[in-house]
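The questions below ask how certain labels are assigned to a structure. Each reply sets a value against the criterion.

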Amino acid sequence: NTGEEDPFNFPGMGGHDGSPASTSSNSTSSSFADDITKNLLEVTEPYKDRGGLNPRRKKWKFGFDHVFSPSQTQDDVWDAAEPLVQSAIDGFNVCIFAYGQTGSGKTYTMLGEPQNPGITSRSVRKLFKSKEEIEASSKGATSVHISVELLEIYNEQVRDLLGASSTERANLQVNANEAVGNVMVSASSEEEVAQILSLAQSRRCVKATKSNAASSRGHLLFTIHFQVENNNGKGVNRYGKLHVVDLAGSERINKSGAQGSLLKEAQHINKSLSTLSNVIEKLQTKQSHIPYRESKLTNLLQNSLGGDSKTAAIICCSPLSVHFNESLCSLRFAEKVNRVELKAGHNFSC
């Protein structure tokens, strides 16, 4: 607690009073701010000393499917994400990704801690529980196979975090939206997946910057395959895929102090995030050409960003006024994401 004013206000779904969201020249609203089915987030520009003049602090209102205040918990976030994981069990391509500036809490939200797990661990637990229930209810007629893969996109190169050697892990090719030659591990238990995740985390590129003492320098893609097969020889009954993505944080070079290799990493991170934003914008406006291949990140996620897939974006924002501009940029990205409609309906949630 720094003692400074929090720029965020959380009126929630009950914050709609029927009046237009934008009420003054200093107030701006998203297209969803008046939607009574959305949760409101109000954002106020930090105070600036204008030499005695009217401070003229700008205000913004956004409407999202879910809004979480700092007092809410990992349980609350999981309650919102769990239906997407169920969709993977039901046979959909699903993507849950965390977006925001470096140090805003993305890795904690996705991975959490042993005593307070994030979305990744909770997703694995639900998938194995569903495996047990499906196999038990079928009385031996059905088998469920769960396999996992872990990739890192570092400096626009795809690295296999499960490869046996550094040579095997380096610079994989991408063909037809899939990494070529990476390790896919068939997992028999939740504990086995936890060990695999721990190994992958130890191989991830993390460095200190002025903005974050443990800054992820690449995007982590954790993919879980959920395949239900009939044991009567009729083959696969259904197949779902879940991507849980911890994106590297966007960063302003002048704040992070990036130089040398850190600068190169930051440039690649920002470029790939810019491409992701561009892809989202093209999907939003229903363009005939979507530039998935302009980055390895969007290329690998193509099947879970378009078509009949289901996607949730978790936007992490810092409450500190020094990071206000970055937080506002993240919220504008979230607003863009929330407008996307996929073939199966309004499947992008934010």
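Q: Why does F324 count as buried?
A: Buried means under 20% relative accessible area, exposed over 50% and partly exposed in between, with a 1.4 Å probe and protein chains only. F324 has a relative accessibility of 4%, so F324 counts as buried. The model is predicted: local features need pLDDT of at least 70, side-chain atom pairs count only at pLDDT 80 or more, and totals for chains, interfaces and linings use all residues. Residues are numbered from 1 along each chain as its sequence is written, and side-chain values use heavy atoms, with hydrogens and water left out.

Q: How many aromatic pairs does a search of the whole structure find?
A: The search finds four. Rings of Phe, Tyr and Trp (its six-membered ring) pair if their centres lie within 6.5 Å; planes under 30 degrees apart count as stacked, over 60 as edge-to-face and the rest as tilted.

Q: What makes the pair of W60 and F324 tilted?
A: The centres are 5.8 Å apart and the planes are at 50 degrees. An angle that is neither under 30 nor over 60 degrees falls in the remaining class, so the pair is tilted.

Q: Why does this pair tie together parts that are 264 residues apart in sequence?
A: Because W60 lies in strand β4 (residues 59-64) and F324 lies in helix α10 (residues 324-337). Helices (H or I, at least four residues) and strands (E, at least two) are DSSP runs, numbered from the N terminus. W60 is buried too, with a relative accessible area of 8%.

Q: Why are F62 and F64 called stacked?
A: Their ring centres are 5.9 Å apart and their planes differ by 5 degrees. The angle is under 30 degrees, so the pair is stacked. Relative accessible areas of 2% for F62 and 5% for F64 put both residues in the buried class.

Q: What makes K310 a charge over the ring of F92?
A: The criterion is that NZ of Lys or CZ of Arg is within 6 Å of the ring centre and within 35 degrees of the ring normal. K310 lies over the face of F92, at 4.3 Å from the ring centre.

Q: Which residues touch the most other members of the largest nonpolar core?
A: They are V43, F97, Y99, L221, L247, L276 and F333, in a core of 40 residues. A nonpolar core is a set of buried Ala, Val, Leu, Ile, Met, Phe, Trp, Tyr and Cys residues joined through side-chain atoms within 4.5 Å. Elements that each supply at least two residues of this core include β4, β8 and α10. A second, separate core of 37 residues includes W78, V124, L150 and V244.

Q: What does F97 touch?
A: Contact means heavy atoms within 4.5 Å. Not counting residues up to four places away in sequence, the contacts of F97 include M110, V245, L247, L276 and F333. F97, Y99 and F333 also form one aromatic cluster.

Q: How do you know that the length of α10 agrees with its number of residues?
A: The expected span of a helix is 1.5 Å times one less than its number of residues. For the 14 residues of α10 this gives 20 Å, and the end C-alpha atoms are 20 Å apart, so the two agree. Eleven of the 14 residues are buried, among them L328, L331 and F333.

Q: What about helix α3 (residues 119-138)?
A: Its 20 residues should span 28 Å, and its end C-alpha atoms are 28 Å apart, which agrees. K139 follows α3 and has a positive phi, near 55 degrees.

Q: Why is β8 said to pair with β15?
A: Two strands pair if DSSP finds at least two bridges between them. Twelve bridges join β8 (residues 142-154) to β15 (residues 219-230), and the strands run antiparallel. S143 has E229 as its bridge partner in β15.

Q: How many bridges join β8 to β9?
A: Four, in the antiparallel sense; I153 is partnered by V158. The two strands form a hairpin with two residues between them, and N155 in the turn has a positive phi of about 50 degrees.

Q: Why does T109 count as buried?
A: Its relative accessible area is 11%, which is under 20%, so T109 is buried. T109 is found in helix α2 (residues 106-111).
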